[in-house]
Amino acid sequence: MNMVEKNIVKHVLSELFKKLESEGIRYCILHSYETLPDKVKTDVDIAIEKSGLKSIDRILKVIADKNGLKIIQKIHHGYQKYAYILSPTYIHEPFRLQIDFFTDFSVRGYPKLVLNNFMINHRKQYKNFFIPDPKVEFIFSILRRILKKEITPSQISKLKELYLEDISQCRNLLLKYFPEKIVNEISQIIMNKDVDLFKSRNKIYKKQLLIRTLRRNFLFLPSYWISEILRAIKRLRYPVGFTVAFLGPDGAGKSTIAKKVIYLASGSFHGTRIFYWRPELFPQMGELVELRKSKKRKQNLNPRPHDHKIQSPLKSIVRFWYYIVDYILGYYLKVFPLKVRKHLCVFDRYYYDFLVDLFRYNFNIPSWLPRFLLPIIPKPDIVIYLHASPEELYRRKKELPFHELKRQISVYQSILSKLPNAHQINTNKPIDEIVSEIVSLILKKKAGQTLSLLNID
């Protein structure tokens, strides 16, 4: 983040704390609060009283609008837990501000680990916001480390610091989750700051934690799992990931720009993935026929895309249907799960190329067939056509004749209006400006999708 963006984050967080306080909504920030609100090292985890959770959409929308941001994501992470990702829509470097709100501290399969009232009722003022008492932060942090199955020297040092502030209370809290023998062991690990022993014993701690959590919440489990099933269904109906397809003739800069777009937009997603042309559920048909896989696919390294013989119609139609199945099954088995898991999925070329240049893919089939099947092909959330003059494209790459480049540009522009959410981006400007313009389109589109799901009167 640059200095302007850091100031925006500071203002957003300060306004959020002030707004929660003015509306009488109690909260506390559970960890990594030392540098707030000036600097955000990680996601901001906020325990909030249950009556205030329903107001967060409205509060964040007002604050985002005031500071020139959009709510890019609202992610239902778990039981009564929501993650919000805010960002300007026009950025020059990766931007990330994620704020997580939850009531009881629950992790998948481990409901109500730390109760909301316990966290909210044991808090204290720190700077211009609230943080938990040492015993609350201690039990929250140790349980979190056990469930994440990882701990660093700095994290165990922080645990020791919290533990020493009130050893008796911290031990009593641990006894609610573990047998006394394990509590003694964990205490020694913390006092000795023994990271390796903690990691080696983690499975045992996690198993004991699960047993006691399920026993303590036995009557609540049906409600918990029903809520989790409903959450999963909603995530399937409204996946929070995003798909982008880049189109354009050879020399338009698709591969370079796609990689830069992924990097710049990565802060608003929880993962990225790039595909070439199709989902690649199946291997190249040539590899399948030869019963082997090439050491390195040369899909994106095709210096002579038209330098091949015309394939027989029968072989072409078999290959074409093979790849049609890959587009459909591949989307639902590879791309869609990534969207559900909050990924940005980018295609360098897409099915729409068939409407422009069948010969490139060695298809000797009627030109109407790809158009006829277009309605059954999964649609990207946004399509970016990178436009340049035929003279410029020919200067960059002489892989295709000038007249062919001119024809392809004409066809691309003629089909743009028929493609959903398609945008033409002229590439006669600095690449960083092109990338920022494309990322802005992506973030605005994603923010629009999110806005439709917010609970705002």
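Trainee: What share of the contacts in the protein chain with a separation of 6 or more is accounted for by residues 24 or more positions apart?

Mentor: The model before us is predicted, and in it residues 24 or more positions apart account for 73% of the contacts with a separation of 6 or more. The chain itself has 457 residues, of which 51% count as buried, and it contains 18 helices and 14 strands.

Trainee: What does the C-alpha trace span along its principal axes, and how much of the accessible surface belongs to carbon and sulfur atoms?

Mentor: The C-alpha trace of the protein chain spans about 80 × 50 × 40 Å along those axes. The accessible surface comes to about 22000 Å², and 56% of that area belongs to carbon and sulfur atoms.

Trainee: Turning to helix packing, at what angle do the axes of H5 and H7 cross?

Mentor: One reads a helix pair from the distance between the axes and the angle of crossing, and then from the residues that meet. For helix H5, residues 134-148, and helix H7, residues 167-175, the axes come within 9 Å and cross at roughly 40°, and the two helices are therefore oblique to each other. Their crossing is right-handed.

Trainee: Which residues of H5 and H7 meet?

Mentor: On the H5 side they are Lys 135, Phe 138, Ile 139 and Ile 142, and on the H7 side Gln 169, Cys 170, Leu 173 and Leu 174. Sorted by character, the residues of this contact comprise six nonpolar, one polar and one charged.

Trainee: How far apart are the axes of H6 and H7, and at what angle do these helices pack?

Mentor: Helix H6, residues 153-165, packs against H7 at an angle of about 110°, with the axes 5 Å apart. Since angles of 65 to 115 degrees count as roughly perpendicular, that makes H6 roughly perpendicular to H7. The contact is made by Leu 162, Tyr 163, Leu 164 and Glu 165 of H6, together with Ile 167, Cys 170 and Arg 171 of H7, and its residues divide into five nonpolar, no polar and two charged. Cys 170 of H7 takes part here, and Cys 170 is also among the residues of H7 that meet H5.

Trainee: What is the handedness of the crossing of H6 and H8, and which residues meet there?

Mentor: H6 and helix H8, residues 180-192, pack at an angle of about 110° with their axes 8 Å apart, and they are therefore roughly perpendicular to each other. The crossing is left-handed. From H6 the participants are Ile 156, Leu 159, Lys 160, Tyr 163 and Leu 164, and from H8 they are Ser 187, Ile 189, Ile 190 and Met 191; by character, this contact has seven nonpolar residues, one polar and one charged.

Trainee: Let us take single residues next: is Ser 268 buried or exposed?

Mentor: For a single residue, one reads its place in the chain together with its accessibility and its neighbours. Ser 268 lies in the loop between helix H12 (254-265) and strand S11 (272-276), and with a relative accessible area of 2% it is buried. Leaving aside residues up to four places away in sequence, Ser 268 touches Ile 72, Gln 73, Ile 85, Ser 87, Phe 95, Arg 96 and Leu 443.

Trainee: Is Asn 455 buried or exposed, and which residues does Asn 455 touch?

Mentor: Asn 455 is found in the segment after helix H18 (431-451) and is exposed, with a relative accessible area of 55%. Not counting residues up to four places away in sequence, Asn 455 touches Asp 57 and Lys 74. Asn 455 and Leu 159 are 296 residues apart in sequence, and their C-alpha atoms are 38 Å apart in space.

Trainee: In the backbone, which peptide bond is cis, and where is phi positive in a residue other than glycine?

Mentor: For the backbone, one reads omega and phi. The peptide bond from Leu 36 to Pro 37 is cis, with omega near 0°, and Pro 37 is placed in the loop between strand S1 (27-29) and strand S2 (44-48). Glu 280 has a positive phi, near 60°; this residue lies in the loop between S11 and helix H13 (285-289), and at 19% relative accessibility Glu 280 counts as buried. Phi of Asn 362 is also positive, near 60°, and Asn 362 lies in the loop between strand S12 (344-348) and helix H15 (368-373).

How values were computed
Residues are numbered from 1 along each chain as its sequence is written. This is a predicted model: local features need pLDDT of at least 70, side-chain atom pairs count only at pLDDT 80 or more; totals for chains, interfaces and linings use all residues. Side-chain values use heavy atoms; hydrogens and water are left out. Axes are lines fitted to C-alpha atoms, for helices over the stretch in contact, and angles run from 0 to 180 degrees between N-to-C directions. Helices (H or I, at least four residues) and strands (E, at least two) are DSSP runs, numbered from the N terminus. Angles under 35 degrees count as roughly parallel, over 145 as roughly antiparallel, 65 to 115 as roughly perpendicular and the rest as oblique. A crossing is left-handed if the near helix is turned anticlockwise from the far one by less than a right angle, and right-handed if clockwise. Contact means heavy atoms within 4.5 Å. Ala, Val, Leu, Ile, Met, Phe, Trp, Tyr, Cys and Pro count as nonpolar, Asp, Glu, Lys and Arg as charged, and the others, Gly among them, as polar. Buried means under 20% relative accessible area, exposed over 50%, partly exposed in between (1.4 Å probe, protein chains only). Accessible areas come from the Shrake-Rupley method with a 1.4 Å probe; for residues, only the protein chains shown count as cover.
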